Amino acid sequence: MPLPVKYWHHLYNEEDDVFTAPVRLLDAANFRQTDTPFDIEGMADHSPTEYLKHRNTVESVWRPAVEQRINARAFGAARAPRESAAVLKKQGRTGQRALLVGINRYPQEQDRLEGCVNDVFLMSSALQECGFAPENIRVCLDERATRQGIAERLQWLLDDPRAGDERVFYYSGHGASIPEYGENLEPDRKAETLVPVDFDWSPDKAITDDEIHALYSQLPYGVRFAMILDCCHSGGMHRQGGARVRGLNPPDDIRHRELKWDKSADMWVARDFKRLNRAFSSDNEANKKYFGEQWTSTRLGRASLLRMQTEAQYRQVKRRAGSAKIGPYLPLIIEACKEDQFSYEYRHGVTSYGAFTYALCLELRKRKRISFKRLVEVAAAKLAELGYEQDPQILGPAAVVGARVPWSE
(Lines give C-alpha, C1' and ligand atoms only; values in the text may rest on other atoms or scores of the structure.)
Protein backbone atom coordinates (compact mmCIF):
# COMPACT_ATOMS: atom_id res chain seq x y z
CA MET A 1 0.00 0.00 0.00
CA PRO A 2 1.21 3.59 -0.58
CA LEU A 3 2.87 5.19 2.45
CA PRO A 4 1.87 8.67 3.75
CA VAL A 5 5.33 10.13 3.08
CA LYS A 6 6.60 12.82 0.74
CA TYR A 7 8.59 10.33 -1.33
CA TRP A 8 9.54 6.70 -0.94
CA HIS A 9 12.56 5.13 -2.65
CA HIS A 10 12.73 1.34 -2.64
CA LEU A 11 16.16 -0.15 -3.38
CA TYR A 12 15.84 -3.73 -4.63
CA ASN A 13 18.48 -6.42 -5.06
CA GLU A 14 17.04 -9.75 -6.19
CA GLU A 15 20.19 -11.50 -4.89
CA ASP A 16 19.54 -10.40 -1.30
CA ASP A 17 18.48 -13.47 0.70
CA VAL A 18 17.82 -11.65 3.99
CA PHE A 19 14.97 -9.22 3.51
CA THR A 20 13.89 -7.98 0.10
CA ALA A 21 11.06 -8.07 -2.40
CA PRO A 22 10.06 -6.11 -5.49
CA VAL A 23 7.27 -3.59 -4.88
CA ARG A 24 4.68 -2.68 -7.51
CA LEU A 25 2.83 0.57 -6.77
CA LEU A 26 1.86 1.80 -10.22
CA ASP A 27 -0.61 4.40 -8.94
CA ALA A 28 1.68 5.99 -6.33
CA ALA A 29 3.23 9.19 -7.69
CA ASN A 30 5.48 9.41 -4.60
CA PHE A 31 7.10 5.98 -5.06
CA ARG A 32 9.97 4.63 -7.10
CA GLN A 33 11.71 1.27 -7.13
CA THR A 34 15.36 1.35 -8.17
CA ASP A 35 17.08 -1.91 -9.06
CA THR A 36 20.44 -2.14 -7.29
CA PRO A 37 21.82 -5.57 -8.22
CA PHE A 38 24.98 -6.68 -6.45
CA ASP A 39 26.55 -10.01 -5.52
CA ILE A 40 29.12 -9.84 -2.72
CA GLU A 41 31.31 -12.57 -1.29
CA GLY A 42 29.84 -14.65 1.49
CA MET A 43 26.23 -15.57 2.18
CA ALA A 44 23.07 -13.53 1.91
CA ASP A 45 24.19 -10.60 -0.32
CA HIS A 46 22.72 -8.18 2.21
CA SER A 47 24.62 -4.94 2.82
CA PRO A 48 23.23 -1.46 3.51
CA THR A 49 26.51 0.02 2.28
CA GLU A 50 26.22 -1.74 -1.07
CA TYR A 51 22.65 -0.50 -1.48
CA LEU A 52 23.43 3.11 -0.62
CA LYS A 53 26.59 3.48 -2.70
CA HIS A 54 25.28 1.59 -5.75
CA ARG A 55 25.62 3.40 -9.08
CA ASN A 56 21.85 3.33 -9.65
CA THR A 57 21.19 4.75 -6.16
CA VAL A 58 23.55 7.64 -6.87
CA GLU A 59 21.77 8.47 -10.13
CA SER A 60 18.18 7.89 -8.97
CA VAL A 61 18.25 9.01 -5.31
CA TRP A 62 21.24 11.08 -4.26
CA ARG A 63 21.79 13.12 -7.40
CA PRO A 64 18.12 14.26 -7.83
CA ALA A 65 17.90 15.06 -4.09
CA VAL A 66 20.99 17.25 -4.19
CA GLU A 67 19.93 18.95 -7.43
CA GLN A 68 16.66 20.02 -5.81
CA ARG A 69 18.22 21.35 -2.59
CA ILE A 70 21.49 23.04 -3.49
CA ASN A 71 23.02 24.77 -6.50
CA ALA A 72 21.51 22.53 -9.18
CA ARG A 73 23.30 24.33 -11.99
CA ALA A 74 26.75 23.75 -10.50
CA PHE A 75 25.94 20.20 -9.47
CA GLY A 76 24.61 19.36 -12.93
CA ALA A 77 27.81 20.61 -14.47
CA ALA A 78 29.67 17.92 -12.56
CA ARG A 79 28.10 15.11 -14.60
CA ALA A 80 30.56 12.94 -16.46
CA PRO A 81 30.98 14.13 -20.06
CA ARG A 82 29.99 11.87 -22.91
CA GLU A 83 32.96 9.69 -23.75
CA SER A 84 34.23 9.53 -27.30
CA ALA A 85 34.49 6.29 -29.28
CA ALA A 86 38.29 6.52 -29.04
CA VAL A 87 38.18 6.76 -25.23
CA LEU A 88 35.75 3.85 -25.01
CA LYS A 89 37.98 1.73 -27.25
CA LYS A 90 41.03 2.56 -25.12
CA GLN A 91 39.10 1.41 -22.04
CA GLY A 92 38.30 -1.87 -23.76
CA ARG A 93 34.61 -0.97 -24.14
CA THR A 94 32.66 -0.33 -27.31
CA GLY A 95 29.74 1.23 -25.42
CA GLN A 96 27.36 -0.30 -27.97
CA ARG A 97 24.82 -3.04 -27.38
CA ALA A 98 21.67 -4.06 -29.24
CA LEU A 99 18.87 -6.49 -28.42
CA LEU A 100 16.67 -7.53 -31.34
CA VAL A 101 13.46 -9.49 -30.71
CA GLY A 102 11.30 -11.07 -33.43
CA ILE A 103 8.32 -13.40 -33.02
CA ASN A 104 6.52 -15.18 -35.87
CA ARG A 105 5.42 -18.46 -34.29
CA TYR A 106 2.81 -17.46 -31.72
CA PRO A 107 0.92 -20.44 -30.22
CA GLN A 108 -2.39 -19.68 -31.92
CA GLU A 109 -2.38 -20.24 -35.67
CA GLN A 110 -4.45 -17.10 -36.33
CA ASP A 111 -1.91 -14.95 -34.46
CA ARG A 112 1.16 -16.03 -36.40
CA LEU A 113 3.19 -13.57 -38.45
CA GLU A 114 5.69 -14.04 -41.26
CA GLY A 115 8.20 -11.20 -41.37
CA CYS A 116 9.40 -10.68 -37.81
CA VAL A 117 12.43 -12.98 -37.85
CA ASN A 118 13.45 -11.53 -41.22
CA ASP A 119 13.10 -8.06 -39.65
CA VAL A 120 15.63 -8.99 -36.95
CA PHE A 121 18.26 -10.10 -39.48
CA LEU A 122 17.59 -7.00 -41.59
CA MET A 123 17.95 -4.70 -38.58
CA SER A 124 21.10 -6.51 -37.45
CA SER A 125 22.71 -5.97 -40.85
CA ALA A 126 21.75 -2.28 -40.81
CA LEU A 127 23.19 -1.79 -37.30
CA GLN A 128 26.43 -3.49 -38.30
CA GLU A 129 26.70 -1.15 -41.28
CA CYS A 130 26.29 1.69 -38.74
CA GLY A 131 29.27 0.44 -36.73
CA PHE A 132 27.82 -2.05 -34.23
CA ALA A 133 30.07 -5.09 -33.78
CA PRO A 134 28.25 -8.42 -34.34
CA GLU A 135 29.32 -9.70 -30.91
CA ASN A 136 27.49 -6.77 -29.29
CA ILE A 137 24.16 -7.66 -30.92
CA ARG A 138 21.93 -10.29 -29.31
CA VAL A 139 18.76 -11.69 -30.87
CA CYS A 140 15.78 -13.43 -29.30
CA LEU A 141 13.42 -15.26 -31.67
CA ASP A 142 10.14 -17.18 -31.57
CA GLU A 143 9.90 -19.78 -28.77
CA ARG A 144 12.89 -18.28 -26.92
CA ALA A 145 11.18 -14.87 -26.80
CA THR A 146 9.20 -15.57 -23.64
CA ARG A 147 8.48 -12.86 -21.13
CA GLN A 148 11.37 -14.09 -18.98
CA GLY A 149 13.67 -14.50 -21.98
CA ILE A 150 13.10 -10.92 -23.14
CA ALA A 151 13.34 -9.50 -19.60
CA GLU A 152 16.67 -11.23 -18.91
CA ARG A 153 18.14 -9.95 -22.16
CA LEU A 154 16.88 -6.43 -21.42
CA GLN A 155 18.86 -6.54 -18.19
CA TRP A 156 21.97 -7.40 -20.22
CA LEU A 157 21.20 -4.62 -22.69
CA LEU A 158 20.97 -1.90 -20.04
CA ASP A 159 23.51 -3.24 -17.57
CA ASP A 160 26.61 -1.19 -16.58
CA PRO A 161 25.50 2.03 -18.32
CA ARG A 162 28.02 4.86 -18.65
CA ALA A 163 27.94 8.24 -20.33
CA GLY A 164 28.54 7.83 -24.06
CA ASP A 165 27.11 4.31 -24.33
CA GLU A 166 24.69 3.50 -27.15
CA ARG A 167 22.00 0.87 -26.54
CA VAL A 168 19.27 -0.24 -28.98
CA PHE A 169 16.17 -2.33 -28.30
CA TYR A 170 14.31 -3.46 -31.42
CA TYR A 171 11.04 -5.41 -31.33
CA SER A 172 9.06 -6.97 -34.19
CA GLY A 173 5.88 -8.82 -33.30
CA HIS A 174 2.42 -8.27 -31.90
CA GLY A 175 1.42 -5.37 -29.66
CA ALA A 176 -1.59 -5.23 -27.36
CA SER A 177 -3.32 -3.05 -24.77
CA ILE A 178 -4.35 -4.45 -21.38
CA PRO A 179 -6.99 -2.77 -19.16
CA GLU A 180 -5.40 -2.49 -15.71
CA TYR A 181 -6.98 -2.30 -12.26
CA GLY A 182 -6.35 0.80 -10.15
CA GLU A 183 -7.02 1.97 -6.59
CA ASN A 184 -10.77 1.34 -6.83
CA LEU A 185 -10.17 -2.29 -7.93
CA GLU A 186 -11.77 -1.48 -11.27
CA PRO A 187 -10.10 -1.04 -14.66
CA ASP A 188 -9.15 2.63 -14.82
CA ARG A 189 -6.36 2.80 -17.40
CA LYS A 190 -4.79 0.82 -20.23
CA ALA A 191 -1.23 -0.42 -20.49
CA GLU A 192 0.49 -0.82 -23.83
CA THR A 193 2.44 -4.06 -23.99
CA LEU A 194 4.71 -6.03 -26.25
CA VAL A 195 3.48 -9.59 -26.74
CA PRO A 196 6.00 -12.33 -25.84
CA VAL A 197 5.43 -15.83 -27.13
CA ASP A 198 3.93 -16.97 -23.78
CA PHE A 199 1.61 -13.96 -23.46
CA ASP A 200 -1.67 -14.70 -21.64
CA TRP A 201 -3.14 -11.19 -21.09
CA SER A 202 -1.80 -10.98 -17.53
CA PRO A 203 0.91 -8.52 -16.37
CA ASP A 204 3.13 -11.46 -15.39
CA LYS A 205 3.36 -12.59 -19.02
CA ALA A 206 3.59 -9.17 -20.69
CA ILE A 207 6.34 -6.67 -21.44
CA THR A 208 4.84 -3.34 -20.37
CA ASP A 209 6.48 0.02 -19.74
CA ASP A 210 6.52 -0.86 -16.04
CA GLU A 211 8.82 -3.77 -16.89
CA ILE A 212 11.13 -1.74 -19.12
CA HIS A 213 11.22 1.56 -17.22
CA ALA A 214 12.57 -0.17 -14.12
CA LEU A 215 15.73 -0.42 -16.23
CA TYR A 216 15.72 2.63 -18.49
CA SER A 217 14.38 5.27 -16.08
CA GLN A 218 17.54 5.07 -13.98
CA LEU A 219 19.99 5.39 -16.89
CA PRO A 220 22.46 8.28 -16.69
CA TYR A 221 21.40 11.11 -18.98
CA GLY A 222 24.59 10.64 -21.02
CA VAL A 223 23.54 7.15 -22.21
CA ARG A 224 21.88 7.00 -25.64
CA PHE A 225 19.06 4.42 -25.60
CA ALA A 226 16.74 3.84 -28.56
CA MET A 227 13.56 1.74 -28.66
CA ILE A 228 12.41 0.81 -32.19
CA LEU A 229 9.02 -0.92 -32.18
CA ASP A 230 7.43 -2.48 -35.27
CA CYS A 231 4.05 -3.46 -33.84
CA CYS A 232 0.60 -2.06 -33.23
CA HIS A 233 -0.16 -0.33 -29.96
CA SER A 234 -3.30 -2.43 -29.52
CA GLY A 235 -5.26 -5.14 -31.31
CA GLY A 236 -6.55 -4.70 -34.81
CA MET A 237 -9.16 -6.40 -36.99
CA HIS A 238 -8.16 -7.54 -40.47
CA ARG A 239 -9.79 -9.65 -43.11
CA GLN A 240 -8.39 -13.05 -43.97
CA GLY A 241 -6.18 -12.78 -47.03
CA GLY A 242 -5.42 -9.10 -46.44
CA ALA A 243 -2.21 -7.58 -45.19
CA ARG A 244 -1.30 -8.99 -41.77
CA VAL A 245 -1.69 -6.62 -38.83
CA ARG A 246 0.76 -6.76 -35.92
CA GLY A 247 -1.69 -6.44 -33.05
CA LEU A 248 -3.77 -8.82 -30.93
CA ASN A 249 -7.46 -8.54 -30.14
CA PRO A 250 -8.29 -9.28 -26.48
CA PRO A 251 -10.35 -12.35 -25.52
CA ASP A 252 -13.89 -11.65 -24.35
CA ASP A 253 -13.11 -11.69 -20.61
CA ILE A 254 -10.41 -9.03 -21.11
CA ARG A 255 -12.62 -7.06 -23.50
CA HIS A 256 -15.35 -7.00 -20.83
CA ARG A 257 -13.07 -4.81 -18.67
CA GLU A 258 -13.18 -2.12 -21.38
CA LEU A 259 -16.99 -2.04 -21.67
CA LYS A 260 -20.06 -0.99 -19.69
CA TRP A 261 -23.75 -1.54 -20.34
CA ASP A 262 -25.69 1.52 -21.54
CA LYS A 263 -29.30 0.84 -20.55
CA SER A 264 -30.70 3.79 -22.50
CA ALA A 265 -29.06 2.60 -25.73
CA ASP A 266 -29.44 -1.13 -24.99
CA MET A 267 -25.83 -1.55 -26.05
CA TRP A 268 -22.34 -2.17 -24.70
CA VAL A 269 -20.23 0.98 -24.89
CA ALA A 270 -16.64 1.89 -23.98
CA ARG A 271 -16.27 2.59 -20.27
CA ASP A 272 -14.61 5.71 -18.93
CA PHE A 273 -10.95 5.40 -17.99
CA LYS A 274 -8.97 7.61 -15.64
CA ARG A 275 -7.03 10.48 -17.21
CA LEU A 276 -3.50 10.06 -15.94
CA ASN A 277 -2.34 13.69 -15.79
CA ARG A 278 -4.78 16.40 -16.84
CA ALA A 279 -2.24 19.19 -16.38
CA PHE A 280 0.83 17.56 -17.94
CA SER A 281 1.18 20.00 -20.83
CA SER A 282 -0.66 22.80 -22.59
CA ASP A 283 0.41 21.13 -25.86
CA ASN A 284 -2.32 18.60 -26.63
CA GLU A 285 -0.06 16.64 -28.99
CA ALA A 286 2.47 16.19 -26.19
CA ASN A 287 -0.29 14.84 -23.93
CA LYS A 288 -1.26 12.30 -26.59
CA LYS A 289 2.34 11.21 -27.13
CA TYR A 290 2.78 10.43 -23.44
CA PHE A 291 -0.69 9.26 -22.37
CA GLY A 292 -2.53 8.32 -25.57
CA GLU A 293 -5.44 9.83 -27.46
CA GLN A 294 -7.71 9.68 -24.40
CA TRP A 295 -4.92 10.39 -21.87
CA THR A 296 -5.62 7.00 -20.27
CA SER A 297 -2.70 4.80 -21.37
CA THR A 298 0.70 4.00 -19.92
CA ARG A 299 2.62 4.03 -23.17
CA LEU A 300 5.79 2.11 -23.86
CA GLY A 301 9.03 3.95 -23.23
CA ARG A 302 7.48 7.03 -21.58
CA ALA A 303 7.68 6.22 -17.85
CA SER A 304 4.21 7.79 -17.81
CA LEU A 305 3.44 7.04 -14.18
CA LEU A 306 6.56 8.94 -13.12
CA ARG A 307 5.44 12.04 -15.02
CA MET A 308 2.72 13.22 -12.66
CA GLN A 309 3.85 16.82 -12.13
CA THR A 310 1.75 19.60 -13.59
CA GLU A 311 3.26 21.78 -16.28
CA ALA A 312 3.55 24.66 -13.77
CA GLN A 313 5.34 22.45 -11.23
CA TYR A 314 7.76 21.20 -13.86
CA ARG A 315 8.61 24.74 -14.99
CA GLN A 316 9.23 25.78 -11.39
CA VAL A 317 11.64 22.88 -10.82
CA LYS A 318 13.29 23.54 -14.18
CA ARG A 319 13.94 27.18 -13.26
CA ARG A 320 15.64 26.07 -10.03
CA ALA A 321 17.66 23.43 -11.84
CA GLY A 322 18.95 25.82 -14.50
CA SER A 323 20.89 23.87 -17.12
CA ALA A 324 20.75 20.59 -15.17
CA LYS A 325 18.48 17.93 -16.61
CA ILE A 326 15.51 16.86 -14.51
CA GLY A 327 12.82 14.23 -14.60
CA PRO A 328 12.81 10.54 -15.55
CA TYR A 329 15.12 9.37 -18.31
CA LEU A 330 13.43 9.40 -21.73
CA PRO A 331 14.76 7.10 -24.46
CA LEU A 332 14.55 7.77 -28.17
CA ILE A 333 11.33 6.03 -29.21
CA ILE A 334 10.62 5.17 -32.85
CA GLU A 335 7.29 3.47 -33.55
CA ALA A 336 5.85 1.96 -36.71
CA CYS A 337 2.51 3.76 -36.52
CA LYS A 338 0.25 6.08 -34.54
CA GLU A 339 -1.66 4.83 -31.52
CA ASP A 340 -4.88 4.36 -33.51
CA GLN A 341 -3.25 2.83 -36.61
CA PHE A 342 -2.04 -0.63 -37.62
CA SER A 343 1.48 -1.85 -38.36
CA TYR A 344 1.45 -4.00 -41.47
CA GLU A 345 3.61 -6.68 -43.05
CA TYR A 346 5.10 -6.30 -46.53
CA ARG A 347 6.06 -9.04 -49.02
CA HIS A 348 9.29 -8.28 -50.85
CA GLY A 349 8.84 -10.75 -53.69
CA VAL A 350 8.38 -13.98 -51.73
CA THR A 351 9.99 -12.72 -48.51
CA SER A 352 7.99 -11.04 -45.73
CA TYR A 353 9.13 -8.06 -43.65
CA GLY A 354 7.50 -5.44 -41.49
CA ALA A 355 6.58 -2.64 -43.88
CA PHE A 356 8.01 -0.06 -41.50
CA THR A 357 11.24 -1.95 -40.78
CA TYR A 358 11.87 -2.53 -44.47
CA ALA A 359 11.29 1.14 -45.32
CA LEU A 360 13.44 2.33 -42.40
CA CYS A 361 16.43 0.13 -43.30
CA LEU A 362 16.05 0.87 -47.01
CA GLU A 363 16.25 4.62 -46.43
CA LEU A 364 19.03 4.29 -43.86
CA ARG A 365 21.26 2.50 -46.37
CA LYS A 366 20.63 5.16 -49.00
CA ARG A 367 21.63 8.07 -46.79
CA LYS A 368 24.96 8.22 -45.00
CA ARG A 369 24.29 11.52 -43.20
CA ILE A 370 20.78 11.75 -41.81
CA SER A 371 19.16 12.59 -38.48
CA PHE A 372 16.80 10.25 -36.65
CA LYS A 373 13.94 12.68 -37.25
CA ARG A 374 14.63 12.91 -40.97
CA LEU A 375 15.06 9.14 -41.23
CA VAL A 376 11.57 8.58 -39.81
CA GLU A 377 10.16 11.23 -42.17
CA VAL A 378 11.61 9.61 -45.31
CA ALA A 379 10.53 6.14 -44.11
CA ALA A 380 7.00 7.52 -43.66
CA ALA A 381 7.11 8.93 -47.21
CA LYS A 382 8.16 5.51 -48.54
CA LEU A 383 5.27 3.81 -46.72
CA ALA A 384 2.83 6.34 -48.15
CA GLU A 385 4.29 5.76 -51.61
CA LEU A 386 3.65 2.03 -51.21
CA GLY A 387 0.06 2.66 -50.08
CA TYR A 388 0.39 1.80 -46.37
CA GLU A 389 -1.85 3.83 -44.06
CA GLN A 390 0.57 4.02 -41.16
CA ASP A 391 2.48 7.04 -39.94
CA PRO A 392 5.70 6.25 -38.04
CA GLN A 393 6.25 8.26 -34.85
CA ILE A 394 9.37 9.55 -33.08
CA LEU A 395 9.69 10.88 -29.54
CA GLY A 396 12.67 11.74 -27.38
CA PRO A 397 14.93 14.55 -26.17
CA ALA A 398 15.26 17.18 -28.90
CA ALA A 399 19.06 16.83 -29.02
CA VAL A 400 18.76 13.09 -29.62
CA VAL A 401 15.91 13.29 -32.14
CA GLY A 402 17.96 15.75 -34.16
CA ALA A 403 21.24 13.79 -33.88
CA ARG A 404 22.71 11.99 -36.84
CA VAL A 405 22.34 8.22 -37.11
CA PRO A 406 23.95 6.53 -35.25
CA TRP A 407 24.32 9.37 -32.75
CA SER A 408 27.11 11.08 -34.67
CA GLU A 409 28.07 14.55 -33.56
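D142 and R105 form a salt bridge, and their closest N and O atoms are 3.3 Å apart. The term salt bridge is used here for a side-chain nitrogen of Lys or Arg within 4 Å of a carboxyl oxygen of Asp or Glu. This is a predicted model, in which local features need pLDDT of at least 70 and side-chain atom pairs count only at pLDDT 80 or more, while totals for chains, interfaces and linings use all residues. Residues are numbered from 1 along each chain as its sequence is written, and side-chain values use heavy atoms, with hydrogens and water left out.

Let me stay with this pair. The two residues link distant parts of the chain, 37 residues apart: D142 sits in the loop between strand 4 (137-141) and helix 6, and R105 in the loop between strand 3 (96-102) and helix 5 (116-129). Helices (H or I, at least four residues) and strands (E, at least two) are DSSP runs, numbered from the N terminus.

Is D142 buried or exposed? D142 counts as buried, because its relative accessibility is 5%. The cut-offs are these: buried means under 20% relative accessible area, exposed over 50%, and partly exposed in between, with a 1.4 Å probe and protein chains only. The areas themselves come from the Shrake-Rupley method with a 1.4 Å probe, and for residues only the protein chains shown count as cover.

The backbone of D142 also deserves a remark. Most residues other than glycine have a negative phi. D142, which is not a glycine, has a positive phi of about 45°. W201 is another non-glycine residue with a positive phi, near 70°. W201 is placed in the loop between strand 7 (187-194) and strand 8 (207-208). With a relative accessible area of 11%, W201 is buried.

I return to the charged pairs. How many salt bridges does the rule give? The count comes to 15 salt bridges. In general terms, side chains of opposite charge can pair when their charged atoms come close.

One of these bridges joins R347 to E114, with the closest N and O atoms 2.9 Å apart. Here too the pair links distant parts of the chain: R347 is in strand 14 (residues 345-348), E114 is in the loop between strand 3 and helix 5, and 233 residues separate them in sequence. R347 counts as partly exposed at 47% relative accessibility, and E114 is partly exposed with a relative accessible area of 36%.

A further bridge is formed by E211 and R147, whose closest N and O atoms are 2.3 Å apart. E211 lies in helix 7 (residues 209-216) and R147 in helix 6, so this pair ties together parts that are 64 residues apart in sequence. R147 counts as partly exposed, at 22% relative accessibility. Salt bridges that share partners also join R105, D142 and E143 into one network.

Next, the cysteines. A disulfide is a covalent bond between the sulfur atoms of two cysteines. The rule applied here asks for a pair of cysteine sulfur atoms within 2.5 Å, and by this rule the count comes to zero disulfides. C130 is in no disulfide, and the nearest cysteine sulfur, that of C361, is 8.8 Å away. C130 counts as partly exposed at 22% relative accessibility.

Why is C232 not bonded to C337? The sulfur of C337 is the closest cysteine sulfur to that of C232, but the two are 5.1 Å apart, which is too far for a bond. C232 counts as buried, at 2% relative accessibility.

I turn now to the surface. E14, E15, D17, D39 and E152 form a negative surface patch. Patches are made of residues with over 30% relative accessible area and no salt bridge, where like charges are joined within 9 Å and nonpolar side chains (Val, Leu, Ile, Met, Phe, Trp, Tyr) within 5 Å. Within this patch, E152 is located in helix 6 (residues 147-157). E152 is partly exposed, with a relative accessible area of 46%.

Finally, two contrasting positions. F291 is found in helix 9 (residues 284-291) and is buried, with a relative accessible area of 0%. The C-alpha atoms of F291 and A191 are separated by 9.9 Å, although these positions lie 100 residues apart along the chain. R278, in the loop between strand 11 (267-270) and helix 9, is exposed, with a relative accessible area of 60%. From C-alpha to C-alpha, R278 and Q309 are 9.8 Å apart in space, and they are 31 residues apart in sequence.

Methods
Lys and Arg count as positive and Asp and Glu as negative; His and the chain ends are not counted. The place of a charge is taken as NZ of Lys, CZ of Arg, CG of Asp or CD of Glu.
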